[in-house]
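Me: I'm new to reading protein structures, and I'd like to go through one with you step by step. Could you show it to me before we start?

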Amino acid sequence: MYFTYIRRELRRRLKQSLVIALGLALGIALVITVSSASAGVKNAQRQVLHSLYGVGTDMTVTRTATRSQVGPQRLRGFGGAPPAGGARHIARSVLHPEPGSATLPASDVAKVSSLSGVAAASGGLVLTDTSFSGVIPSAGGGFGGSGSSTTKPSFSLNSFTVDGVEIGAGAVGPLTRTQVTRGSYFSAADASASVAIVSATYAHQHGLQVGSTIHVAGKKLKVIGIANVSSGAADVYLPLATAQKLADLKGKITTVFVSVSSASHVSTVAAEVKAALPSATVSTSADLANEVSGALSSASTLTSSLGRWLSVAALAVAFLVAGLLMMATVSRRVREFGTLKAIGWRTRRIVAQVVGEGLALGLLGGLVGIAVGIAAAVAISAVAPSLGATVGSSFATGGGFGPLVGGRVAGSGPFGGARTVLVHLTAPLQAHTIAIALGLAVAGGLVAGAFGAWRAARLRPADALRSVG
Amino acid sequence: MYELIDVRKTFKRGPTEVHALDGVDLMVGEGEFLAVQGPTGQGKSTLLLLLGGLDRPTSGRVLFEGRDLAKLQEAELAPLRASAFGFVFQTFNLIPTLTAQENVETALVAARIPVSERRAFALEVLDDLGMADRATHLPSELSGGQQQRVAIARALVKQPRVLLADEPTGNLDEQTRDEIVGLLEQLWRDRGITLVVVTHDSAVARRAQQRAVIENGRVKLPEVTTPAPRGRVVHPSGVSRP
Ligand SMILES: Nc1ncnc2c1ncn2[C@@H]1O[C@H](COP(=O)(O)OP(=O)(O)OP(=O)(O)O)[C@@H](O)[C@H]1O
Ligand SMILES: [Mg+2]
């Protein structure tokens, strides 16, 4: 009887029922789509962080160089005045930290990992190998253009990125065991060996295979593995000690990679690290989001502000419309409910009837909304283009030092000021989103039912005989 | 069964006050058939609402089996309405989306009869009223007289002690009217229930044992009509039986 009555009443006012249910469905679909998309954007942001600093990294600790520290570093690479007279060939290869970043003592890793809330920490060296080769005319003729020399200057400048990786650091760091798809990961015996793992992209570009030889800082290294890393990650990975030796940075690191025991603790842990290492710069994926510009950042703004407000507004409107329509419906059924009261139905029973109708509409709207929302999320994942995220140099290195001071540069050239990572935007469906949507549907139904029930509860049975129609 | 003492019902609409009932004294004996007559707007429906515990008087006492309905809580009134009073309305007031049988069952919902027994009870009463073959029809598929039969079935299925009818034939043609009145009269005789019918149709009132006329909010002395002993009532108009 209860359900028959609900079903028949909803069918009788089919149009109105559909308006209520579809209104709720729209709101709920929006909530699902927006929260899936924003989860996707967050994933993408994490992906950008991971492509910079490795999978599992929730935050990085770096130190910003002061100007006096930068100077010599840069000079070290290209130092030495060309000798007077005649052209001269130069071929140099230098491994250096990214300009603008300074080193930390390796002991800082222990300080960080001892903090509560830190799941794991590892030290790494984030370096760039810059090789320069070319012919420089003699001081007398070349640049001045006096014509006394026929030698034209010609340069070639190459660079690739190199990460020193702490072996046995577990899942945190720029390169983890599982990312090595061919060859093998560093073994304990490789701690300071002349071995390297290269990224698949770099290997492809340079025709490298397991067993090939590469040069880092002018030294020969053997490629023991090829790793599948994301688009913006380093080209070459070395055991930390090897990298320290080649870069002449014994006992130093540039970055502490930190993974946090719970994602919700990131900001707390960041504050702790900052307190423990006052001179360090702590960067989290949230900071990264602020540094990121480009399409990903637009997507983030879209989902976090516009999308959220839109879905809140749509839900509020849907709830309100549903409530008002239910109330109008009850008003038109004064005689019906009055009659039921007159034949002995308790107010409670009538309220239950109206709330039941609202709830049925809410569930219907919820199911439709969830279906539409899932479809929309799947569609976003399927058709969404890869979004570019451009990370300013300040994040990558911890400080901005003008246009020439670059962060890590993916491949184009050594002096880019920023680096772009391409990530594919997805809209992952999360169980809790569906649960929340279902909860909202039920809530919507209850709100609608409550509006109607409130009206029904105030009916006097006497109205059954009065109202005509 | 009923004793009404100086019952007043005043409606306030802004500055104007309407004295729908203005000092009504009335006795209704158990098993009596009372017709309440009177011109329109004189408080007949208002009186019936008070008798059914659907409204409260402004002052005075409405004693039903010694209990003052005016003083009962809503929680005490609802079970009374569900079991003791059966209501029949001029406009039938069937639930449009429910079938005849389901409409009858709504009364059993209120009377808290178990689901498993409702169907049989409802069908039995519909059968008594000659509506068994219409049990699965919606109200919109029934004629006015048939709808009123279903409404009467709904009022009777819980076996009430009092049947209160407000213009039960007001929306029916003459022949159907006679049919319905005959039916009510028969039920009254067969079941021994107390029957109060509000009507301004003298043809209906003539059938009653007792007649009361309401004018200006007061009951004029009840006229005693032919005191018809139960079971030996003469039917002047030869009402067709269901
Ligand atoms: N809820 C109310 N608010 C204000 N006035 C009311 C209300 N109910 C009834 N009245 C007034 O009380 C008076 C008696 O109404 P009631 O419905 O009892 O008359 P009635 O005798 O049943 O009339 P009819 O024969 O037309 O059905 C009328 O004047 C009516 O306008
Ligand atoms: Mg009336």
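Below are some questions and answers about this predicted model.

Me: Let's start with the interface. How much area do chain A and chain B bury between them?

Reply: Good place to begin! The size of an interface is often given as the accessible area lost when the parts come together. Here the contact takes 24 residues from chain A and 31 residues from chain B. Carbon and sulfur atoms account for 61% of the buried area, and the total is about 2,500 Å².

Me: Which side chains meet in a salt bridge between chain A and chain B?

Reply: The count between the two chains is 1 salt bridge. Its N to O distance is 2.5 Å, and the side chains that meet there are those of B:E102 and A:R8.

Me: Which helix gives the largest share of the side of chain A that touches chain B?

Reply: Beyond the salt bridge, the interface has 9 residue pairs in polar contact, with both residues at pLDDT 80 or more. On the chain A side, α1 (2–12), α10 (334–342), α11 (347–383) and α14 (463–466) each supply at least two residues. The largest share is 6 residues, and it comes from α10(A).

Me: And how many residues on that side of chain A are charged?

Reply: We can sort the residues of the side of chain A that touches chain B into groups. There are 10 nonpolar and 3 polar residues, and the charged ones number 11.

Me: Now to a single residue. Is B:D68 buried or exposed?

Reply: B:D68 lies in strand β5 (residues 67–68) of chain B. Leaving aside neighbours within four places in sequence, B:D68 is in contact with B:R61, B:V62 and B:L63. The cut-off for buried is under 20% relative accessible area. Because its relative accessibility is 10%, B:D68 counts as buried.

Me: Which residue's backbone nitrogen does the side chain of B:D68 reach?

Reply: Follow the side chain of B:D68 for 3.0 Å. The backbone nitrogen you arrive at belongs to B:A70.

Me: What about the ligand: residues from which chains surround ligand 1?

Reply: There are 14 residues around ligand 1, and B:T40, B:G41, B:K44, B:S45 and B:T46 come nearest. The site is shared between chains, because the residues surrounding ligand 1 come from chains A and B.

Me: Which residue has a backbone N or O atom 3.1 Å from an oxygen atom of ligand 1?

Reply: Let's separate side chains from backbone. A polar side-chain atom of B:K44 lies 2.5 Å from an oxygen atom of ligand 1, and an N or O atom in the side chain of B:T46 is also 2.5 Å from an oxygen atom of the ligand. The backbone atom at 3.1 Å belongs to B:Q42.

Notes. Residues are numbered from 1 along each chain as its sequence is written. Chains are lettered from A and ligands numbered from 1 in the order in which they are written. This is a predicted model: local features need pLDDT of at least 70, side-chain atom pairs count only at pLDDT 80 or more; totals for chains, interfaces and linings use all residues. Side-chain values use heavy atoms; hydrogens and water are left out. Contact means heavy atoms within 4.5 Å. Buried area is the accessible area (1.4 Å probe) that two parts lose on being put together, summed over both. A salt bridge is a side-chain nitrogen of Lys or Arg within 4 Å of a carboxyl oxygen of Asp or Glu. A polar contact is a pair of N or O atoms within 3.5 Å; within protein, one must be able to donate a hydrogen and the other to accept it, and residues adjacent in sequence count only if both atoms are side-chain atoms. Helices (H or I, at least four residues) and strands (E, at least two) are DSSP runs, numbered from the N terminus. Ala, Val, Leu, Ile, Met, Phe, Trp, Tyr, Cys and Pro count as nonpolar, Asp, Glu, Lys and Arg as charged, and the others, Gly among them, as polar. Buried means under 20% relative accessible area, exposed over 50%, partly exposed in between (1.4 Å probe, protein chains only). A residue is near a molecule or strand if one of its heavy atoms lies within 4 Å of it.
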